[in-house]
Amino acid sequence: MVDSRKILVGALSVLMLCAGAPVASASGAALLVAQADAADTPVLAWGSCQEPGLERYQCAVADVPLDYARPRGKRLPLAVIRQPAADPARRIGTLFTAVGGPGGSGFDAAKGGSLADGELARRFDVVSMDQRGIGRSRQVRCFASAADQARFWGGVALPPVNAAEERQAERASRELARGCAEHDGALIQHLTTVDAARDLDLLRRAVGDRAMTFSGGSYASYLGEVYGALFDDRVRALQLNAMIDPDSYTNRTLDTLWRRSAGTEEVLREFARLCTEAGAGRCPLAGDTLAHNAKVLDRLKRGPITVGRGKDALELRYADVIPLHAQLLYDTERGWPALAELITGLERGPDGDPAPLREIYQITGFRLDFLDSFTAISCADNSLPPVPGAWPALARAYDAYAPTYGRHWLYSSQACASWAAPPQRYRGPWTLRSKTPALLINNRFDPVTSVAFAYDARREMGNAQLVVVDGHGHNPLGSTCTDRLRERYLIDLQLPAPGTQCTPDRQPFPNS
C-alpha cells in the first residue's frame, strides 16, 4: 500500500529545500556561539517588581543584542524576573526556567504561583523571563492596532471545515505574515530559539554562574535542547519535560504536526476509556463517549451550535470548539471534566446550560498577543513548504490519519508558508556533550508532545536519560516521584537508575 504521508512529506520537503532556508553546520554553530561571546554581559539592576501580583519577586531588564551578528548594534530590552533563594546560606546558584508556547510569559506564570517550590526554592535563585518577542520583552506587533488584532483573530475560522473557509484561511495566513513583516520586520528576523538560547547564556553570565542550570517543558524543552547543543561546555544540569523532538520540529515540521495529531487522537481515546471506567457519577459522558463526541463535532461542521435560549444563549462554531477541545486534554484534573461538560452541553443544544460552557471558553482562551508571538517564533524555527495553497490537500491527508485534530494542528502553521526565512537558524546536530547527562521527563499519554518525541529527543541528544510517567496530560511534573527525582538531579546532579518510571499521585476522574 502506498504511504500517503511519506509522499506528501517527501514532496513538500523538496519544496522546502528549494526555499533556501539557512542551514547550520558544526562551523556555523561555532559562529553562533562566538557571536554571543562577543556581546557585552548585561548588567541586571534588580529591584522589587512594581507590577501588581509580582510584588514578592525582583525584576530587572537585560540589554541584549537585537541581532547577534552585530553584537554591538541595536539593543533589545529583555524583561527578567527572580525569586531569591529562601535559604541563601545554602544557595547553589541560579535555576533558569522558561515557559512553553512558544508565546508564554515567565512573568504571567509567576503571577499564578511561584517559579519553584520546596527544596529547589530554598537552594536556588530562580530566574525566568519574557522571551524576546513576548510580553514585556518587546512584544511582536503584527497589526496597526489592538482593534485590528481582535478583528483578525475573531474573524478567521481555524481550522476551516469547507472550501470557503479554506480560502479565507489562506488569505488570512498571508495577511498575518504580511502584517508581522510590515509592523515589526526588524524584530521578526531575530526571534529564533537560537536567539533566545544566546539571550539565556548572556543571563547566565549576568548572574555570575559558571555553568547553566535549566529546567523547562514543552516548547521550553526545545529552548533547552538548542542551548545544550550550542553551549554544552557550559551546562551544569538540563532538566527538560514534555519533550519536543528537535530535529523533526526544526527540519521536518509537517512530520511533527502529523505525529502530534496522532498523539492527541490517542489521548482522546484514553479520555473516553477512563471516562467510561469512571462511570456516569464521575464523568457524564460515560458509555459511548467517542460516539457522543463525534456526533457533536459532525454537527458543528455543518454550522454553529447554540447552547441555551434567550439573551444568555451561547453560540459556538467548530473553530471555537476544536482548539478548546484539544487544550482541555492537557490537564486531567480540571480539563478532562470540563471537556466532558463541554461535549454534554453542546449535545443538549438549546436545552443545555450556557453558563459553564461560557466559563470554560473564557478561562481557556489564548491571549491575542500570545497568538502573534506563537506564530512569529514558530515560523522562525520551523521548516514548512512555502506554498500556502497546499494546506487544503494536506488537510485531507491529515483528516484521514487523525480525523479530530489533524487539521487543527496543521492550520496552526499556515502563516509560516508566507514567512521569510530568518538570517540565522540552528538545524542541528543536537548532541549534548555536557559532563552531566540531561534528565528528560514525559507522560506516556501527552496530547501535544507524545512520548515518541521524548524517545527521539533522547536519541538525538545522546547524553540524556528519560523517565516516563505512566500518566496523562501535558505536564508530567507535580507527583511525589517526579518532584523527588527532579530535586535530586538539579541539586545533587544525581540521575535516577536507567529505566526508572513514575506513577502520578492522582488518576483522572478520581472518587470525590
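Me: Strands here are DSSP runs of E, at least two residues, numbered from the N terminus. Which strand does Ala-79 lie in?
Reply: Ala-79 belongs to β3, which covers residues 75-83. Keep in mind that this is a predicted model.

Me: Is Ala-79 buried or exposed?
Reply: Its relative accessible area is 8%. Buried means under 20%, so Ala-79 is buried.

Me: What is Ala-79 in contact with, leaving aside neighbours within four places in sequence?
Reply: Ala-60, Phe-107, Ser-128, Met-129, Asp-130, Arg-136 and Ser-137.

Me: And how far apart are Ala-79 and Thr-431?
Reply: In sequence, 352 residues separate Ala-79 and Thr-431. In space, they are 30 Å apart, C-alpha to C-alpha.

Me: New topic. How many residues are in the largest nonpolar core?
Reply: That core has 125 residues. The members that touch the most others are Phe-214, Leu-230, Phe-271, Leu-342 and Leu-346.

Me: Which helix gives this core its largest share?
Reply: Helix α10, residues 253-278, supplies 9 residues, the largest share.

Me: Which residues are in a second, separate core?
Reply: The second core holds 25 residues. Among them are Leu-54, Leu-95, Phe-124 and Cys-481.

Me: Why would nonpolar side chains end up in a core?
Reply: As a general tendency in soluble globular proteins, nonpolar side chains are buried together.

Me: Back to Leu-346. What is Leu-346 in contact with, beyond four places in sequence?
Reply: Val-296, Leu-300, Ile-305, Val-307, Leu-316, Val-321 and Leu-357. Leu-346 also turns up in two helix contacts, one of α13 with α14 and one of α11 with α13.

Me: Start with α13 and α14. At what angle do they pack?
Reply: About 130°, with their axes 10 Å apart. Helix α13 spans residues 335-348, and α14 spans residues 354-364.

Me: What do you call that arrangement of α13 and α14?
Reply: Oblique. Angles over 145 degrees count as roughly antiparallel and 65 to 115 as roughly perpendicular, so about 130° is neither. The crossing of α13 and α14 is left-handed.

Me: Which residues make the contact?
Reply: On α13, Ala-338, Glu-341, Leu-342, Gly-345 and Leu-346. On α14, Pro-356, Leu-357 and Ile-360. By class, the contact of α13 with α14 has 6 nonpolar, 1 polar and 1 charged residues.

Me: Now α11 and α13. How do they pack?
Reply: Helix α11, residues 289-302, packs on α13 at about 55°, with the axes 10 Å apart. These two helices are therefore oblique. Their crossing is left-handed.

Me: Which residues of α11 and α13 meet?
Reply: His-292, Asn-293, Lys-295, Val-296 and Leu-300 in α11 meet Ile-343, Leu-346 and Glu-347 in α13. By class, this contact of α11 with α13 divides into 4 nonpolar, 2 polar and 2 charged residues.

Me: You mentioned α10 earlier. At what angle do α10 and α18 pack?
Reply: Helix α18 is residues 451-461, and its angle with α10 is about 140°. The axes are 9 Å apart. That makes α10 oblique to α18.

Me: Which residues meet there, and how do they divide by class?
Reply: From α10 come Thr-256, Arg-259 and Arg-260. From α18 come Ala-452, Phe-453 and Asp-456. The contact of α10 with α18 has 2 nonpolar, 1 polar and 3 charged residues.

Me: Switching to the backbone. Where are there cis peptide bonds?
Reply: One joins Leu-158 and Pro-159, with omega about 0°. Another joins Gly-428 and Pro-429, with omega about 5°.

Me: Which loops are Pro-159 and Pro-429 found in?
Reply: Pro-159 is in the loop between α5 (146-155) and α6 (163-188). Pro-429 is in the loop between α17 (406-411) and β10 (438-445).

Me: Why point out cis bonds or a positive phi?
Reply: Because most peptide bonds are trans, and most residues other than glycine have a negative phi.

Me: So which residues have a positive phi without being glycine?
Reply: Ala-242 has one, at about 50°. Leu-493 has one too, near 60°.

Me: Where are they found?
Reply: Ala-242 is in the loop between β7 (235-241) and α9 (246-251). Leu-493 is in the loop between α19 (480-492) and β12 (501-502).

Me: Last one. Are Ala-242 and Leu-493 buried, partly exposed or exposed?
Reply: Ala-242 has 3% relative accessibility, so it counts as buried. Leu-493 is partly exposed, with a relative accessible area of 32%.

Definitions and conventions: Residues numbered from 1 in each chain as written. Predicted model: local features only at pLDDT ≥ 70, side-chain atom pairs only at ≥ 80, totals over all residues. Heavy atoms only, no water. Core = buried A, V, L, I, M, F, W, Y, C linked by side-chain atoms within 4.5 Å. Buried < 20%, exposed > 50% of the residue type's maximum accessible area, 1.4 Å probe, protein only. Helix = DSSP H or I, 4+ residues; strand = E, 2+ residues; numbered from the N terminus. Contact = heavy atoms within 4.5 Å. Axes fitted to C-alpha atoms, helices over the stretch in contact; angles between N-to-C directions. Parallel < 35°, antiparallel > 145°, perpendicular 65-115°, else oblique. Left-handed = near helix turned anticlockwise from the far one by under 90°. Nonpolar A, V, L, I, M, F, W, Y, C, P; charged D, E, K, R; others polar.
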